[in-house]
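Work through the exercises below with the sequence and the structure open. Each task is followed by a solution in steps.

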Amino acid sequence: MVLTKENRILDHHQILQKIKRMAFEIYEQNFEEKQLVLAGIHENGYFLAQALAQELREISPLEVQLVGVSLHKTEPLTHDIQVEPSLSTLTHTPVVLVDDVLNTGRTLAYTLREFLEKDCKKLEIATLINRHHPLYPISATYTGYSLATTLREHIRVVWTEDEWNAYLL
């Protein structure tokens with residue numbers, strides 16, 4: 001399928017605006033903290049986490065640690081979840097788990113245990129686009145764009161050096 005302006009729901013400028021607003025919201029909810037972990041789910045969630053980390057470093061005194069989370073999205077129970085760099089403990093540290101699109105909540109649900117076992121202070125979720133098809137008890141704390149879609153429709157977020165766009169397919 002060819003991605004065109006007709007099916008684009010967010011362009012580069014709009015995504016940047018969403019990221020700035022989300023960063024301010026994250027800081028507002030964590031202004032008393034000294035540090036914060038942003039855990040981005042590879043691939044696109046990690047790109048979003050990088051952008052949020054950059055914004056947070058510009059607007060706040062928070063020490064932001066960025067980690068990447070890798071998991072097998074179709075068979076998450078049969079493969080280990082990888083967190084790089086690894087975290088030994090998160091006691092007294094809030095964590096924001098970041099993914100580009102929240103659809104059913106399945107991917108995020110499987111990653112929660114990895115951070116809960118490390119005794120994080122609190123665990124929040126940030127997503128660029130929330131589609132509202134929850135099958136798991138997961139909801140976003142921070143959402144860039146909320147979009148009701150049908151189950152047959154899909155969202156594709158493109159993060160390249162030249163293009164940051166979101167498309168409805």
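**Exercise 1. A residue in the first helix**

Which residues does Ile 15 touch, not counting residues up to four places away in sequence?

Solution. The model is a predicted one.
Step 1: locate the residue; Ile 15 is part of helix H1.
Step 2: list its contacts, which are Leu 10, Leu 128, Trp 159, Trp 164, Asn 165 and Ala 166.
Step 3: check the accessibility; Ile 15 has a relative accessible area of 0% and is buried.
Step 4: compare with a residue that is not in that list; between the C-alpha atoms of Ile 15 and Asn 44 there are 13 Å, with 29 residues separating the two along the chain.

**Exercise 2. The two sides of H1**

Find which residues of H1 are buried and how they are placed around the axis.

Solution.
Step 1: take the extent of the helix. H1 covers residues 12–29, and its 18 residues reach 26 Å from first C-alpha to last, close to the 26 Å expected at 1.5 Å a residue.
Step 2: apply the cut-off for buried, under 20% relative accessible area. The residues of H1 that pass are Ile 15, Lys 18, Ile 19, Met 22, Ala 23 and Ile 26.
Step 3: look down the axis. These residues cover an arc of only 140°, and therefore lie on the same side of H1.
Step 4: turn to the face away from the buried side, where the exposed residues His 13 and Glu 28 are carried.
Step 5: inspect the start of the helix. There a side-chain oxygen of Asp 11 comes to within 3.2 Å of the backbone nitrogen of His 13.

**Exercise 3. Salt bridges**

How many salt bridges does the model contain, and what does the one between Glu 55 and Lys 20 tie together?

Solution.
Step 1: use the cut-off, a side-chain nitrogen of Lys or Arg within 4 Å of a carboxyl oxygen of Asp or Glu. The count is six salt bridges.
Step 2: take the pair Glu 55 and Lys 20, whose closest N and O atoms are 3.7 Å apart. Because Glu 55 belongs to helix H2 and Lys 20 to helix H1, this pair ties together parts that are 35 residues apart in sequence.
Step 3: compare the partners. Glu 55 is buried at a relative accessible area of 11%, whereas Lys 20 is partly exposed at 41%.
Step 4: take a pair within one helix. Arg 21 and Glu 25 form a salt bridge of 2.9 Å, N to O. They are four residues apart in H1, so about one helical turn separates them. Arg 21 is partly exposed at 33%, and Glu 25 is partly exposed at 24%.
Step 5: add the pair Lys 118 and Glu 114, with 3.6 Å from N to O. Lys 118 is buried, its relative accessible area being 19%.

**Exercise 4. Nonpolar cores**

Identify the residues with the most contacts inside the largest nonpolar core.

Solution.
Step 1: the largest core has 32 residues, and those with the most contacts inside it are Leu 38, Leu 52 and Ile 129.
Step 2: ask which element contributes the largest share; helix H2 (residues 44–59) does, with seven residues.
Step 3: set this core apart from a second, separate one of 19 residues, which includes Val 67, Val 83, Val 95 and Leu 97.
Step 4: follow one residue of the largest core. Not counting residues up to four places away in sequence, the contacts of Ile 129 include Ile 9, Leu 10, Val 101, Tyr 145 and Ala 166.

**Exercise 5. Helix H3**

Which residues of helix H3 are buried, and what covers them?

Solution.
Step 1: in H3 (residues 106–116), the buried residues are Thr 107, Leu 108, Thr 111, Leu 112 and Phe 115.
Step 2: down the axis they fall within an arc of 140°, so they line one face of the helix.
Step 3: the other side of H3 has Arg 113 and Leu 116 exposed.
Step 4: the cover over the buried residues includes strands E2, E3, E4, E5 and E6.

**Exercise 6. Backbone angles**

Where are the cis peptide bonds between His 42 and Glu 43 and between Glu 84 and Pro 85?

Solution.
Step 1: His 42 and Glu 43 are joined by a cis bond with omega about -5°, and Glu 43 sits in the loop between E2 and H2.
Step 2: the bond from Glu 84 to Pro 85 is cis with omega near -5°, and Pro 85 is in the loop between E4 and E5.

Definitions and conventions:
Residues numbered from 1 in each chain as written. Predicted model: local features only at pLDDT ≥ 70, side-chain atom pairs only at ≥ 80, totals over all residues. Heavy atoms only, no water. Core = buried A, V, L, I, M, F, W, Y, C linked by side-chain atoms within 4.5 Å. Buried < 20%, exposed > 50% of the residue type's maximum accessible area, 1.4 Å probe, protein only. Contact = heavy atoms within 4.5 Å. Expected span 1.5 Å × (residues − 1). Arc of directions from axis to C-beta. Polar contact = N/O pair within 3.5 Å; in protein donor to acceptor, adjacent residues only side chain to side chain.
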